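Please look through the sequence and the fold shown here, and then follow the report below, which moves from one residue to its helix and on to other parts of the chain.

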Amino acid sequence: MDLLIEFDCTKFFALASPLDPATKLSADEGYLLPDPSHYRRLVGKLNFLTNTRLDISYSVQHLSQYMQSPREPHLKAAYHVLRDYRVRAFCDSDWAACPESRKSVSGYVVLLGDSPIS
């Protein structure tokens with residue numbers, strides 16, 4: 001969720017695939033990004049995320065090829081990977097339900113697609 005907030009992608013709808021199959025990226029197509037560090041930071045964080053999300057590995061590897069001089073279509077494709085799945089969170093609690101100790105029990109789960117991340 002932090003990644004979606006950091007790159008301002010919380011308002012987008014979820015998509016079915018990490019990278020649009022119709023997208024063909026090229027090293028010299030589109031405008032150069034004025035701040036390539038934004039693209040590099042995003043792809044770096046996605047690369048770290050591939051440790052738990054193997055389904056985005058191909059997309060991130062493909063985007064990593066353009067780290068030297070990222071362009072506008074590359075950034076759009078990276079945002080597409082962020083839009084891959086929706087984030088859902090569930091929580092539950094019982095307030096003082098234990099008859100002996102009167103302690104409360106609570107729990108939560110955060111899902112990215114169908115994968116638990118927290």
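In this predicted model, Y39 is in contact with L33, L63, Y66, M67, P70, H74, L75 and A78, once its neighbours within four places in sequence are left aside. One of these partners, P70, lies 31 residues away from Y39 along the chain, and yet the C-alpha atoms of Y39 and P70 are separated by 6.9 Å. Y39 is found in helix α2, and with a relative accessible area of 0% Y39 counts as buried, because buried means under 20% relative accessible area.

Helix α2 itself covers residues 36-49, which makes 14 residues, and from its first C-alpha to its last it reaches 20 Å, close to the 20 Å expected at 1.5 Å a residue. Which residues of α2 are buried? They are Y39, L42, V43 and L46, and because these residues cover an arc of only 95° around the axis, they lie on the same side of α2. The buried residues of α2 pack against three other helices, namely α1 (2-6), α3 (57-64) and α4 (72-82).

Helix α4 can be described in a similar way. Its buried residues are H74, L75, A77, A78, H80, V81 and L82, and what covers them includes α1, α2 and α3. Among these residues of α4, H74, L75 and A78 are also contacts of Y39, so that the list of partners given for Y39 can be read together with the packing of α2 against α4.

The loop between α2 and α3 holds T50, which is buried with a relative accessible area of 13%. Not counting residues up to four places away in sequence, T50 touches I56, S57 and V60. The structure also holds one salt bridge, which D55 forms with R53, and the closest N and O atoms of this pair are 3.0 Å apart. Are the two partners buried or exposed? D55 is partly exposed, with a relative accessible area of 36%, whereas R53 is buried, with a relative accessible area of 4%.

The table gathers the accessibility of the residues discussed one by one.

| Residue | Relative accessible area | State |
|---|---|---|
| Y39 | 0% | buried |
| R53 | 4% | buried |
| T50 | 13% | buried |
| D55 | 36% | partly exposed |

The strands remain to be described. Strands of a sheet pair through backbone hydrogen bonds, either parallel or antiparallel. Here three strands form an open sheet in the order β1-β2-β3, and the pairing is antiparallel. Because β1 and β3 stand at the edges, each with a single partner strand, one side of each is left without a neighbour in the sheet.

How many bridges join strand β1 to strand β2? Eight bridges join β1 (residues 87-94) to β2 (residues 105-112), and within this pairing R88 stands opposite L111 in β2. Two bridges join β2 to strand β3 (residues 115-116), and these strands too run antiparallel. On that side L111 stands opposite P116 in β3, while the bridge partner of L112 in β3 is S115. L111 therefore faces R88 in one pairing and P116 in the other, as β2 is paired with both strands of an antiparallel sheet ordered β1-β2-β3. Finally, β2 and β3 form a hairpin with two residues between them, and G113 in the turn has a positive phi of about 70°.

Conventions. Residues numbered from 1 in each chain as written. Predicted model: local features only at pLDDT ≥ 70, side-chain atom pairs only at ≥ 80, totals over all residues. Heavy atoms only, no water. Helix = DSSP H or I, 4+ residues; strand = E, 2+ residues; numbered from the N terminus. Expected span 1.5 Å × (residues − 1). Buried < 20%, exposed > 50% of the residue type's maximum accessible area, 1.4 Å probe, protein only. Arc of directions from axis to C-beta. Contact = heavy atoms within 4.5 Å. Salt bridge = Lys/Arg side-chain N within 4 Å of Asp/Glu carboxyl O. Pairing = 2+ DSSP bridges.
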